[in-house]
Amino acid sequence: MARDAVRLPRVGPRVCVLPQVVAEGLAREFHDRLRRRVRAAQGRDVEPTAAIIDSQSVKGAASVPAASRGFDGGKKINGRRRHVITDSLLGLLLMVLVTAGNITDRQAARVLLPQLHTVQEDHPRVGAG
């Protein structure tokens, strides 16, 4: 099979394939291919060499279990936090982690940064700085 070819799951009519697509890593594959194409179209190397981590606190709805929420004292928000790693030049998404609101960027980085290099050997050129 060619490098750019993707084998989609065979399903019958009226079947939601999203769980299977996510489980097989196809959504990640599609995202990574799009990111590489955007970088190439901008005249950049397809893999980033520097990245930025940041987070955003989001209020948790009443339907969100209390165990997955936390209080962000800096923002005075009880909810969750979205931690993202983006390439530093174009701001394209590399990784995402959703945690309770009381988890800091430093704590999330301890989880995200090792994964940045180990998950299918993605982003090997992003260095620790």
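# Exercises on a predicted chain

In this predicted model, helix H2 is followed by Gly43, a residue whose phi is positive, near 80°.

**Exercise 1. Describe helix H2, and work out why its length agrees with the span expected of a helix.**

Step 1. Begin with the limits of the element, which takes in residues 26-41.

Step 2. Apply the rise of 1.5 Å a residue to the 16 residues of H2, which gives an expected span of 22 Å. The C-alpha atoms at the two ends of H2 are 22 Å apart, and the expected value is therefore met.

Step 3. Turn to burial, for which the cut-off is a relative accessible area under 20%. Within H2, the buried residues include the charged Asp32, Arg33, Arg35, Arg36 and Arg39, and Leu26 is buried as well.

**Exercise 2. Which partners do Arg33, Arg36 and Arg39 have in salt bridges, and where in the chain do those partners lie?**

Step 1. Note that the structure holds four salt bridges; the steps below treat those of the three arginines named in the task.

Step 2. Take Arg33, which is paired with Glu29 through N and O atoms that come to 2.6 Å at their closest. Because Arg33 and Glu29 are four residues apart in helix H2, about one helical turn separates them. Arg33 counts as buried, since its relative accessibility is 16%, whereas Glu29, with a relative accessible area of 26%, is partly exposed.

Step 3. Take Arg36 next, whose salt bridge is with Glu47, the closest N and O atoms being 3.2 Å apart. Arg36 belongs to helix H2 and Glu47 to the loop between H2 and strand E1 (51-59), so this pair ties together parts of the chain that are eleven residues apart in sequence. Arg36 and Glu47 are both buried.

Step 4. Finish with Arg39, which forms a salt bridge with Asp87, and here the closest N and O atoms lie 2.8 Å apart. This pair links distant parts of the chain, with Arg39 in helix H2 and Asp87 in strand E3 (residues 77-87), 48 residues apart. Both partners, Arg39 and Asp87, are buried.

**Exercise 3. Val38 lies in helix H2: is Val38 buried, partly exposed or exposed, and which residues make a nonpolar surface patch with it?**

Step 1. Read the relative accessible area of Val38, which is 38%. Partly exposed residues fall between 20% and 50%, and Val38 is therefore partly exposed.

Step 2. Look for the other members of the patch, which are Leu89 and Leu90; together with Val38 they make a nonpolar surface patch of about 220 Å².

**Exercise 4. Which residues make up the largest nonpolar core, and which elements each supply at least two of them?**

Step 1. Recall the general tendency that, in soluble globular proteins, nonpolar side chains are often buried together.

Step 2. List the core, which has six residues in all: Ile85, Leu94, Met95, Leu112, Leu116 and Val126. Strand E4 (93-100) and helix H3 (105-118) each supply at least two residues of this core.

Step 3. Follow the contacts of one core member, Leu112, setting aside its neighbours within four places in sequence. Leu112 is then in contact with Ile53, His83, Ile85, Met95, Val96 and Leu97.

**Exercise 5. Where do Val98 and Ala108 lie, and what do they touch?**

Step 1. Place the two residues: Val98 is in strand E4 and Ala108 is in helix H3. They are ten residues apart in sequence, and their C-alpha atoms are 9.0 Å apart in space.

Step 2. Leave out residues up to four places away in sequence, and Val98 touches Arg80, Arg81 and Arg82. On the same terms, Ala108 touches His83, Leu97 and Ile103.

Step 3. Consider Ala108 further: its relative accessible area is 1%, and it is therefore buried. Although Ala108 and Arg82 are 26 residues apart in sequence, the distance from C-alpha to C-alpha is 9.6 Å.

**Exercise 6. How do the elements run along the chain, and how much of the chain is buried?**

Step 1. Count three helices and four strands, which run α-α-β-β-β-β-α from the N terminus on.

Step 2. Of the 129 residues in the chain, 26% are buried. The chain exposes about 8900 Å², and carbon and sulfur atoms supply 55% of that area.

Step 3. Among contacts between residues at least 6 apart in sequence, 45% join residues at least 24 apart.

Notes
Residues numbered from 1 in each chain as written. Predicted model: local features only at pLDDT ≥ 70, side-chain atom pairs only at ≥ 80, totals over all residues. Heavy atoms only, no water. Patch = residues over 30% accessible without salt bridge, like charges linked within 9 Å, V, L, I, M, F, W, Y side chains within 5 Å. Areas by Shrake-Rupley, 256 points an atom, 1.4 Å probe, with all protein chains shown as cover. Salt bridge = Lys/Arg side-chain N within 4 Å of Asp/Glu carboxyl O. Buried < 20%, exposed > 50% of the residue type's maximum accessible area, 1.4 Å probe, protein only. Expected span 1.5 Å × (residues − 1). Core = buried A, V, L, I, M, F, W, Y, C linked by side-chain atoms within 4.5 Å. Contact = heavy atoms within 4.5 Å.
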